[in-house]
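Okay, thanks everyone for coming. I'd like to walk you through one structure today, so have a look at the screen and then I'll start.

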Amino acid sequence: MSSGFLVREAREGDGPALLGLARTVHSVSLPIDSSGMEDRIAVSLASFGGDVPPEDRRYLFVLVDLDRDQVLGTSPIIARQGTPERPR
């Protein structure tokens, strides 16, 4: 029986899997170097922790296959990207 999938925050240990995705799908939302990916994850974790001002928060989520414990996808959310005049 399949356990399914889970969407959760990106964690420090997800860096290698996210790098693999970024290099495979040629994503414009993910860096393709280790340092950039570590920074992206660190900002996301700090955003979740409330350690970043609300207007600068950037969240990074991952989709995990629970049966294989493997990161299959990702989605970023940039806080306060839009305005009432220019919603996004």
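**A walk through the fold**

Let me begin with one residue, Val7. Is Val7 buried or exposed? With a relative accessibility of 56%, Val7 counts as exposed, since the cut-off for exposed is over 50%. Keep in mind, by the way, that this is a predicted model. Val7 sits in strand β1, which covers residues 5-9. And Val7 has company out there: together with Phe5, Leu63 and Leu72, Val7 makes a nonpolar surface patch of about 350 Å².

Okay, let's zoom out. The protein chain has two helices and three strands, and going along the sequence you read β-α-α-β-β. If you box up the C-alpha atoms along the principal axes, you get roughly 45 × 30 × 25 Å. There are 88 residues in the protein chain, and buried ones make up 31% of them. The accessible surface comes to about 6000 Å², with 53% of that belonging to carbon and sulfur atoms. One more overall number: take the contacts between residues at least 6 apart in sequence, and 46% of them join residues at least 24 apart.

Now to the inside. Which residues make up the largest nonpolar core? Twelve in all: Ala10, Leu18, Leu19, Leu21, Ala22, Leu30, Met37, Ile41, Leu60, Val62, Val64 and Val71. Three elements each supply at least two of these core residues, namely α1 (15-25), α2 (34-48) and β2 (58-65). Helix α1 gives the largest share, four residues.

So let's stay with α1 for a minute. Its buried residues are Gly15, Leu18, Leu19, Leu21 and Ala22. Why do we say they are on the same side of α1? Because the arc they cover around the axis is only 160°. On the face turned away from that buried side, α1 carries the exposed residues Pro16 and Thr24. And what do the buried residues of α1 pack against? That would be α2, β2 and β3, the last one being residues 70-78.

You can see some of that packing if you pick Leu21. Skip the neighbours within four places in sequence, and Leu21 is in contact with His26, Val71, Leu72 and Gly73. His26 is worth a click too: just after α1, His26 takes a positive phi of about 55°. And Leu72, you may remember, was one of the residues in the surface patch.

Over on the other helix, have a look at Met37, which is in α2. Met37 has 1% relative accessibility, so Met37 counts as buried. Leaving out residues within four places in sequence, the contacts of Met37 are Gly15, Leu18, Leu19, Ala22, Leu30 and Pro31. For a sense of scale, try the C-alpha of Met37 against the C-alpha of Glu85: these are 48 residues apart along the chain, and 32 Å apart in space.

Last topic, charges. How many salt bridges does the count come to? Three.

Number one is Arg8 with Asp14, where the closest N and O atoms are 2.7 Å apart. Arg8 has a relative accessible area of 13%, so Arg8 is buried, and Asp14 counts as buried as well, because its relative accessibility is 7%.

Then there's Glu9 with Arg11, at 3.2 Å between the closest N and O atoms. Here Glu9 is partly exposed, with a relative accessible area of 28%, and Arg11 counts as partly exposed at 41%.

The remaining pair is Arg68 with Asp65, with the closest N and O atoms 3.0 Å apart. Is Asp65 buried or exposed? Buried, because its relative accessibility is 9%. Its partner Arg68 counts as exposed, at 52%. Asp65 lies in strand β2, and if you leave out residues up to four places away in sequence, Asp65 touches Gly4, Phe5, Gln70 and Leu72. Notice Phe5 and Leu72 in that list: both belong to the nonpolar patch I started with.

That's my tour, and I'm happy to rotate the model if anybody wants another look.

Technical notes. Residues are numbered from 1 along each chain as its sequence is written. This is a predicted model: local features need pLDDT of at least 70, side-chain atom pairs count only at pLDDT 80 or more; totals for chains, interfaces and linings use all residues. Side-chain values use heavy atoms; hydrogens and water are left out. Patches are made of residues with over 30% relative accessible area and no salt bridge: like charges are joined within 9 Å, nonpolar side chains (Val, Leu, Ile, Met, Phe, Trp, Tyr) within 5 Å. Accessible areas come from the Shrake-Rupley method with a 1.4 Å probe; for residues, only the protein chains shown count as cover. A salt bridge is a side-chain nitrogen of Lys or Arg within 4 Å of a carboxyl oxygen of Asp or Glu. Buried means under 20% relative accessible area, exposed over 50%, partly exposed in between (1.4 Å probe, protein chains only). A nonpolar core is a set of buried Ala, Val, Leu, Ile, Met, Phe, Trp, Tyr and Cys residues joined through side-chain atoms within 4.5 Å. Contact means heavy atoms within 4.5 Å. The arc is that of the directions from the helix axis to the C-beta atoms.
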